[in-house]
Amino acid sequence: MKSRILILEDDDQLVRSYKEFFSDEGYEVDCAQEVEEAEALLAHFPYSLVITDLRLSKLGFSGLDFIKHVRQVSAQTRIIVLTGYSWPEIEAEALACKIDAFVKKPTQLQELADTIDMLIGVPA
Amino acid sequence: MKKSLIDIVLDPKKLSVVFQPIFRVEHQLEVYALEALVRGPAGTNIQRADILFDYVRRKKAEAEMDRSCLSAICSAALKVPSQLSINVNVHAWTLGCSAEFVDFFFKKLRNYNLRPERFTIEIVEHAPTCNVPELMDSIARLRDSGVSIALDDVGLGQSNYRMMLDCDPDYFKLDAYFARNLGADARRRAVVQSVVTLADAMDTLVVAEGIETPEDLVEVGRSGIELVQANILCPAMPIGELLVAGFRAPGSNRPGPMEVLAPEVKMSSTRLAKCVVP
């Protein structure tokens, strides 16, 4: 069975790129552009891994609230946080939520794929 | 400017409506009513109903969504045979905290030339109702116009005894959880029996939902429940497909109920008689 990953990202272009690339890599990919959408999906599907931007442009730092929510829902789901900003306090708070990896933007999709593979293994 | 997901979801034209028959256990499984079920916009993450409404509740947009669903349902209902009643899900929160919903409901029905007596409102409750007097007032206004009331998901969540007393529903919709493996589970049978006994005392009918096996269907019938709704009998479908399928599940070999849609049937209870569309 394919591993299922959830990506919370509000940039349309990035959403299209992620979906195409990680589907080709062999994952089931769901992309959500709102926190509530992501939370609804989390309640109904078992995700091996979640990728979230720390800051969602329209919603402030709701990426952090979302990370806390993921941890409440599932201690096993691995979390990768993407961020293009340097906010040490916010990053420290994210680390305190036991995220699994921090990836600075911009990043190559393959680099992100390698991080995912490291955390949940290469799809069969 | 790009539309947000909630704006897309609240557009009735982006929703699709399917109907699932509710059958009478006796009387050759005749179609008693249809429940209208809404699906989210095609191609989105929230096309599935459970995810759609989970998203809507998280956005605290239940009232707006109920209005949008009603619009979509009224449009689809034009193709439903006129002698069949239609069940529509509405959040208790909407009835209790959105005073204009009942006005909106009546206005929509008038616009589509649909009679209120054909409708049953299934009250769905996922959060404590904010304004019980307002809820009671909404229910009274609906009833005064001939609308029937059902309490959804009985046995789960907020559908508790207080709601049963306050709403005095015409139907209890017993959640699928309670019918599962009913034949082999004496404790489950005891719970179901208690709901049937309570319903009888309150002159309320019970609809058993989500029955998954013929054995559970037989057991539901034995427990005295008169109405069932189950994928094994007929899954939810767009109304056009439902009419072509004869209200039967694909591959089903049971007689189709099309010939018994007429409302003039023997009633097994006075309550049943009151609820059939005249």
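Visitor: What makes Asp30(A) count as buried?
Guide: Asp30(A) has a relative accessible area of 8%. Buried means under 20%, exposed over 50% and partly exposed in between (1.4 Å probe, protein chains only), so Asp30(A) is buried. Before we go on, this is a predicted model: local features need pLDDT of at least 70, side-chain atom pairs count only at pLDDT 80 or more, and totals for chains, interfaces and linings use all residues. Residues are numbered from 1 along each chain as its sequence is written, chains are lettered from A and ligands numbered from 1 in the order in which they are written, and side-chain values use heavy atoms, with hydrogens and water left out.

Visitor: Why is the pair of Arg4(A) and Asp30(A) called a salt bridge?
Guide: The closest N and O atoms of Arg4(A) and Asp30(A) are 2.9 Å apart. The rule asks for a side-chain nitrogen of Lys or Arg within 4 Å of a carboxyl oxygen of Asp or Glu, so this pair passes. Arg4(A) sits in strand S1 (residues 4–8) of chain A and Asp30(A) in strand S2 (residues 28–32) of chain A, so the bridge ties together parts 26 residues apart in sequence. Helices (H or I, at least four residues) and strands (E, at least two) are DSSP runs, numbered from the N terminus.

Visitor: How do you know whether Arg24(B) and Glu30(B) are buried or exposed?
Guide: Check the percentages: Arg24(B) has a relative accessible area of 3%, and Glu30(B) stands at 5%. Both are buried, and their side chains meet in a salt bridge at 3.2 Å, N to O.

Visitor: What makes Arg67(B) and Glu100(B) a salt bridge?
Guide: Their closest N and O atoms are 4.0 Å apart, and the rule counts the pair as a salt bridge. Arg67(B) lies in helix H3 of chain B and Glu100(B) in the loop between helix H4 (92–97) and helix H5 (101–111), 33 residues apart. Arg67(B), at 21%, is partly exposed, and so is Glu100(B), at 45%. Elsewhere, salt bridges with shared partners join Glu35(B), Glu122(B), Lys173(B) and Glu209(B) into one network. Over all chains the count comes to 22 salt bridges.

Visitor: Which salt bridge joins Arg58(B) to chain A, and what else is there across the interface?
Guide: Arg58(B) meets Glu39(A), with N to O at 3.4 Å, and the rule finds 3 salt bridges across the interface of chain B and chain A. On the chain B side, helix H1 (5–9) and helix H2 (49–58) each supply at least two residues. H2(B) gives the largest share, 5 residues. The contact (heavy atoms within 4.5 Å) takes 12 residues from chain B and 15 residues from chain A.

Visitor: Why are Phe19(B) and Ile121(B) said to belong to a nonpolar core?
Guide: A nonpolar core is a set of buried Ala, Val, Leu, Ile, Met, Phe, Trp, Tyr and Cys residues joined through side-chain atoms within 4.5 Å. The largest one has 99 residues, and Phe19(B), Phe105(B), Ile121(B) and Ile123(B) have the most contacts inside it. Helix H3 (residues 62–77) of chain B provides the largest share, 8 residues. Beyond its neighbours within four places in sequence, Ile121(B) is in contact with residues including Val88(B), Leu95(B), Phe105(B) and Ile149(B). Apart from that core lies another of 18 residues, among them Tyr18(A), Cys31(A), Ile51(A) and Val103(A).
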